[in-house]
Amino acid sequence: MSSKTPSADDIVRPMQSTQRWYYIVFGIASLLALGWFGLWSIQLQRGLAVTNLADWGSAGGVTWGLYIGAFIWWVGIAHGGIILSAAVRLFGMKRYLPVARLAELLTIGALSMAGFYIMIHLGRPDRMAWSVIQAYPVTVHQSPLVWDVTVITMYMVMTLTYLGLTVRYDINRLRDDLPSYLEPVYKMATLGYSEKEDEVIERIVWWLALGVIVMAPLLLHGGVIPWLFALLPSMPGWQGAIQGPQFLTIALTSAIAGVIILALVLRRAYDWYHILTDDIIRGLTLWLGLFSLLFIWLQLQQVITGVYAAPLDQRAFAHAKIANPYYQFAIGVVLIALAYIFAQAVKPHVFSVRRSLAASFMVLAGTLTEKVLFVFEGLEYPTFDMYYNVPGHYFPSPIEIGSLVGTIALCTLFFLVILKVIPVVELHAIEELRGEGHAPAEGDD
Amino acid sequence: MVEFDVWNVLYPGTWVIFGVIGLPIYTAILGWFLGKPRTPKKAMMALTYLVSFIVSMWVGVYILTILIGIIFPPAM
């Protein structure tokens, strides 16, 4: 571990200099994103026929597949962020202050990708204008799909407000070290700022954190999103109150994994070993272990109640699920990650950041696979299986798979741009690490 | 005589979204204006942030998706 003392210079460095790796990653991400836009334009011209989604039953297909699975996955990743940051403020978890803003930004990047998937999945994006926005006053009263859009909007604007308010402190104090060509942006972001506001803004943010920490886990990923599926009584794989907690565990595991990856990449890129310390990564790894354990536990609940003397429709679904090699892969990688986390908890010398990084990637791959399977297998095994003999089985088309690469590239681009605009580590975190103790949680405990 | 059924008027989404799911955000906004320390000006600023983000997000999506619809008209 580095013995360097953290300073404000560390956090403005990404805005003051640009290394070679930045251009390379930017170039690759741009190419991949452009490639995806090319593929998407094919879908926009020819319609969803270019996917392997098809009419349910009669065409031997499923109407929801990778797009919806990836949507859930991105919303899940989006969770980590702001919840982690809110926990820092509400519960005084100062240890994680250095990753708080990274986590908030991950929420914004990932939630944007989730929203983009809604647009992609609609086939014709202008349906967003007609079917979602214009019809909203009518549809919100009965459609879980519109509830979903509503809550995601609330979550997004709460996160943006949270970031917009907390960044005022940093911009005001670091103004001289920030790029001058962005002066109009900084001027707007700190409109009406005075040092006297700090205490009040901190309290405003505390209330926002309180709202987020209830809304995001309990009402969004553990509420409205699972209700998109669990409220449909004809799909045994989707139905049931267990979907809420199950979705939440997926959100929390993939979110923590996302924060670990991001923190490790940035600490290497900007030599932030003394800010994003091994101690933080170790702590996040333990949280990843806890949430992975809950994920596996809820899977076990579903498998046992599905295969042992269950109603016939549930049994057919559960047997199909556990026999699917992709499901075995999803559970297998999460179990391997869990084994490592358990081992490093028992014997600390087993811990290494590379292993934690690998565990995070495994968890992300596992949760994505499980969620995509959940979506289309749920449709393939309905209660009333009148299309049983219609041939066909869903597997994502290259364009659908391309959307995953494209959205990951877009999210990467988002981070590369934001690195040049605002400090991605809060100034409060530096003050805290230096023992200057302006931690936001203290006055609020 | 037609029997009055409250669920025909008060649909699930009406109370789920505006009654239950909205609670955390109502609480936060009430906290801004009624909690301590407070400054109505700063609370109003936070509310402006919130509303501006909602409006800019959805107006942006509305315009963007209509533009995409014009560039890629439906196949005949």
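Student: Which residues lie nearest the centre of the largest pocket?

Tutor: This is a predicted model, and its largest pocket holds about 1200 Å³ of space. The lining is made of 41 residues. Those nearest the centre are A:Trp73, A:Ile261, A:Phe361, A:Leu364 and A:Ile408.

Student: Which helix gives the most residues to the lining of the largest pocket?

Tutor: Several helices of chain A each supply at least two residues of this lining: H2, H3 (66-91), H10 (243-269), H14 (353-380) and H15 (398-418). The one that gives the most, with 11 residues, is H14(A).

Student: How do the residues of that lining divide into nonpolar, polar and charged?

Tutor: The lining of the largest pocket has 41 residues to sort. By class they are 33 nonpolar, 5 polar and 3 charged.

Student: Which residues are closest to the centre of the second largest pocket?

Tutor: About 700 Å³ of space lies in the second largest pocket. It is lined by 25 residues, and the closest to its centre come from chain A and chain B: A:Gly164, A:Met188, A:Ala189, B:Tyr49 and B:Phe53.

Student: Which helix gives the most to the lining of the second largest pocket?

Tutor: On chain A, H4 (97-121), H7, H8 (183-189) and H15 each give two or more residues to this lining, and on chain B helix H3 (40-71) does so. By class the lining has 18 nonpolar, 4 polar and 3 charged residues. The most, 7 residues, comes from H3(B).

Student: What area do chain A and chain B bury between them?

Tutor: The contact involves 49 residues of chain A and 42 residues of chain B. Of the area buried between the chains, 80% is on carbon and sulfur atoms. The total is about 3800 Å².

Student: Which three residues supply more of the area that chain A buries against chain B than any other three?

Tutor: Together the three account for 15% of the area buried by chain A against chain B. They are A:Arg124, A:His141 and A:Trp207.

Student: Which side chains meet in a salt bridge across the interface?

Tutor: The rule finds 1 salt bridge between chain A and chain B. Its N to O distance is 2.7 Å, and the cut-off is 4 Å, so the pair qualifies. The two residues are A:Glu197 and B:Lys42.

Student: How many residue pairs are in polar contact across the interface, and how many charged residues are on the side of chain A that touches chain B?

Tutor: The polar contacts found across the interface amount to 11 residue pairs. The side of chain A that touches chain B has 32 nonpolar and 11 polar residues, and its charged residues number 6.

Notes: Residues are numbered from 1 along each chain as its sequence is written. Chains are lettered from A and ligands numbered from 1 in the order in which they are written. This is a predicted model: local features need pLDDT of at least 70, side-chain atom pairs count only at pLDDT 80 or more; totals for chains, interfaces and linings use all residues. Side-chain values use heavy atoms; hydrogens and water are left out. Contact means heavy atoms within 4.5 Å. Buried area is the accessible area (1.4 Å probe) that two parts lose on being put together, summed over both. A polar contact is a pair of N or O atoms within 3.5 Å; within protein, one must be able to donate a hydrogen and the other to accept it, and residues adjacent in sequence count only if both atoms are side-chain atoms. Ala, Val, Leu, Ile, Met, Phe, Trp, Tyr, Cys and Pro count as nonpolar, Asp, Glu, Lys and Arg as charged, and the others, Gly among them, as polar. On a 1 Å grid over the protein atoms alone, a cavity is a set of points where a 1.4 Å probe fits but cannot get out, and a pocket is an open set with protein on both sides within 12 Å along at least five of seven lines; lining residues have an atom within 4 Å of a point. Grid points are joined across faces, edges and corners, and a volume is the space filled by probe spheres set on the points. Helices (H or I, at least four residues) and strands (E, at least two) are DSSP runs, numbered from the N terminus.
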